Amino acid sequence: MSDGPRPKIAVVTFPGSNDDRDMCWALGSLGAEAVPVWHADEELPAVGAVVLPGGFSYGDYLRCGAIARFAPIMKAVAAFAADGGPVLGTCNGFQILCEAGLLPGILRPNSSLRFICRDTTIRVEQIDTPFTSRCKPGYLLRIPIKHGEGAWFADPELLAEVEANGQVVLRYTDNPNGAVADVAGVCNAARNVMGLMPHPEHAVDPLLGSGDGALILASLVEAATARLGVPA
Amino acid sequence: MKATVLVRPKAGILDPQGEAVQSGLGHLGFVVRKAHVGRLVELELDTTDREQARAAVAKMCDQLIANPLIESYEITLEGDA
């Protein structure tokens, strides 16, 4: 890790977020300075990337992520994304980005109806995103999931569009939740917003089972550095 | 005016909740060919204009109450036959 300036990355805490601190820690261990941001804030600090972490924002009322999209900070997040800023959503963050219309599709209850908490293997399908630039196509990453509503869904027309654009960034090799087309992670058409159900922040140290999540978060740190113009 | 919105999983979409209810009923000895689980939302509106109310509730459904990708909805206003 360099001793140079650390790129700032905002990590948004909603009422009910519970992976925000792990995310801050993981980003810090990969050379970034994580900046905690509260959902009621209306502006983002000067950051090179934004992360919406996992949890159960607003108690998952109505549908997961459906209420969080009205949080004051989400206007600033949408503007940041529209300006090309990299935005990553993990788990509940993915659900929020879908409900906010920043990502295609929606997350539905697991086909088993069970909460699943275990390691999964996901295949990197696209590397031209700020989230997978450190990977090679076909890389298999071991990253845990922990969710009850993680089955990504799109109807056939939307799926065809998303596939044609190469927006499916990550796919399960052993689909745990019934996601359409084995989708574990998907990006927007502009490729600067991505959501994934697995938790890269829980897989940044081999001592904790896997270090593969670091590839995703380190890609994001690199993208944040580039956006801020911080010398590497 | 009171409005009631019935939100249903769209036809043809996997409905694990419905399947679980169907299988549970089966365990109790009931023969049920299919079960679907939706959501009922009751609203109280200030308007008395039915057209206006119906249009407003439809907008609410499109923007928040239902997710059009996976759910369909049915609006009933107080006094609807």
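**Figure 1. Strand 6 and strand 9 of chain A, seen around A:Ile122.** In this predicted model, A:Ile122 sits opposite A:Tyr172, a residue of strand 9 of chain A. The two strands, strand 6 and strand 9 (residues 168-172), run antiparallel and are joined by three bridges. If you are following the backbone on screen, the pair A:Ile122 and A:Tyr172 is a handy place to start.

**Figure 2. Strand 6 and strand 7 of chain A.** Here strand 6 (residues 116-124) meets strand 7 (residues 140-147) of chain A, and the two pair in the antiparallel sense over eight bridges. Look for A:Asp119, which has A:Pro144 of strand 7 standing opposite. Strand 6 thus appears in two of these views, paired with strand 7 here and bridged to strand 9 in the previous one.

**Figure 3. A:Arg171, a buried arginine in strand 9 of chain A.** A:Arg171 belongs to strand 9 of chain A. Is this arginine buried or exposed? With a relative accessible area of 13%, A:Arg171 falls under the 20% cut-off and so counts as buried. Setting aside residues up to four places away in sequence, A:Arg171 touches A:Thr121, A:Ile122, A:Arg123 and A:Glu125, then A:Glu163, and further along A:Ala181, A:Asp182, A:Val183 and A:Ala184. For A:Val183, 12 residues away in sequence, the C-alpha to C-alpha distance from A:Arg171 is 4.7 Å.

**Figure 4. A:Val169, another residue of strand 9 of chain A.** A:Val169 is also placed in strand 9 of chain A. Its relative accessible area is 0%, and A:Val169 is buried. Which residues surround this valine, leaving aside neighbours within four places in sequence? The contacts of A:Val169 are A:Arg123, A:Val124, A:Glu125, A:Gln126, A:Thr129, A:Thr132, A:Gly185, A:Val186, A:Cys187 and A:Met194. To gauge distances in this view, take A:Ile127: 42 residues separate A:Ile127 from A:Val169 along the chain, and their C-alpha atoms are 7.6 Å apart. A:Arg123 and A:Glu125 are among the residues in contact with A:Val169, and both also touch A:Arg171.

**Figure 5. Two faces of helix 2 of chain A.** Which residues of helix 2 (residues 73-82) of chain A are buried? They are A:Ile73, A:Met74, A:Ala76, A:Val77, A:Phe80 and A:Ala81. These buried residues lie on the same side of helix 2 of chain A, because they cover an arc of only 155 degrees around the axis. Turn to the face directed away from that buried side and you will find the exposed residues A:Lys75 and A:Ala82. Just after the helix comes A:Gly84, with a positive phi of about 95 degrees.

**Figure 6. Chain A as the setting for the views above.** Chain A has five helices and 11 strands. How does the spread of its 232 residues relate to the globule rule? The radius of gyration is 16 Å, close to the 17 Å of the rule, so chain A is as compact as a globular protein of that length. Its C-alpha trace spans about 45 × 35 × 35 Å along the principal axes, and 55% of the residues of chain A count as buried.

**Figure 7. The open sheet of chain B.** Three strands make up this open sheet, in the order 2-1-3, with antiparallel pairing. The edges are formed by strand 2 (39-44) and strand 3 (71-77) of chain B, each pairing on one side only. From one strand to the next, the twist averages 20 degrees. Strand 1 (residues 2-9) pairs with strand 3 of chain B over seven bridges, and B:Leu6 has B:Glu74 of strand 3 as its bridge partner.

**Figure 8. Helix 2 of chain B across the sheet.** Helix 2 (residues 50-65) of chain B lies across strand 1, strand 2 and strand 3, and runs at about 155 degrees to strand 3 of chain B. Read along the sequence, the elements of chain B follow the pattern β-α-β-α-β. The radius of gyration of chain B is 16 Å, well over the 12 Å that the globule rule gives for 81 residues, so chain B is more spread out than a compact globule. Its C-alpha trace extends about 45 × 25 × 15 Å along the principal axes, and 31% of the residues of chain B count as buried.

Conventions
Residues are numbered from 1 along each chain as its sequence is written. Chains are lettered from A and ligands numbered from 1 in the order in which they are written. This is a predicted model: local features need pLDDT of at least 70, side-chain atom pairs count only at pLDDT 80 or more; totals for chains, interfaces and linings use all residues. Side-chain values use heavy atoms; hydrogens and water are left out. Two strands pair if DSSP finds at least two bridges between them. Helices (H or I, at least four residues) and strands (E, at least two) are DSSP runs, numbered from the N terminus. Axes are lines fitted to C-alpha atoms, for helices over the stretch in contact, and angles run from 0 to 180 degrees between N-to-C directions. Contact means heavy atoms within 4.5 Å. The radius of gyration is taken over C-alpha atoms; the globule rule is 2.2 Å times the number of residues to the power 0.38. Buried means under 20% relative accessible area, exposed over 50%, partly exposed in between (1.4 Å probe, protein chains only). The arc is that of the directions from the helix axis to the C-beta atoms.
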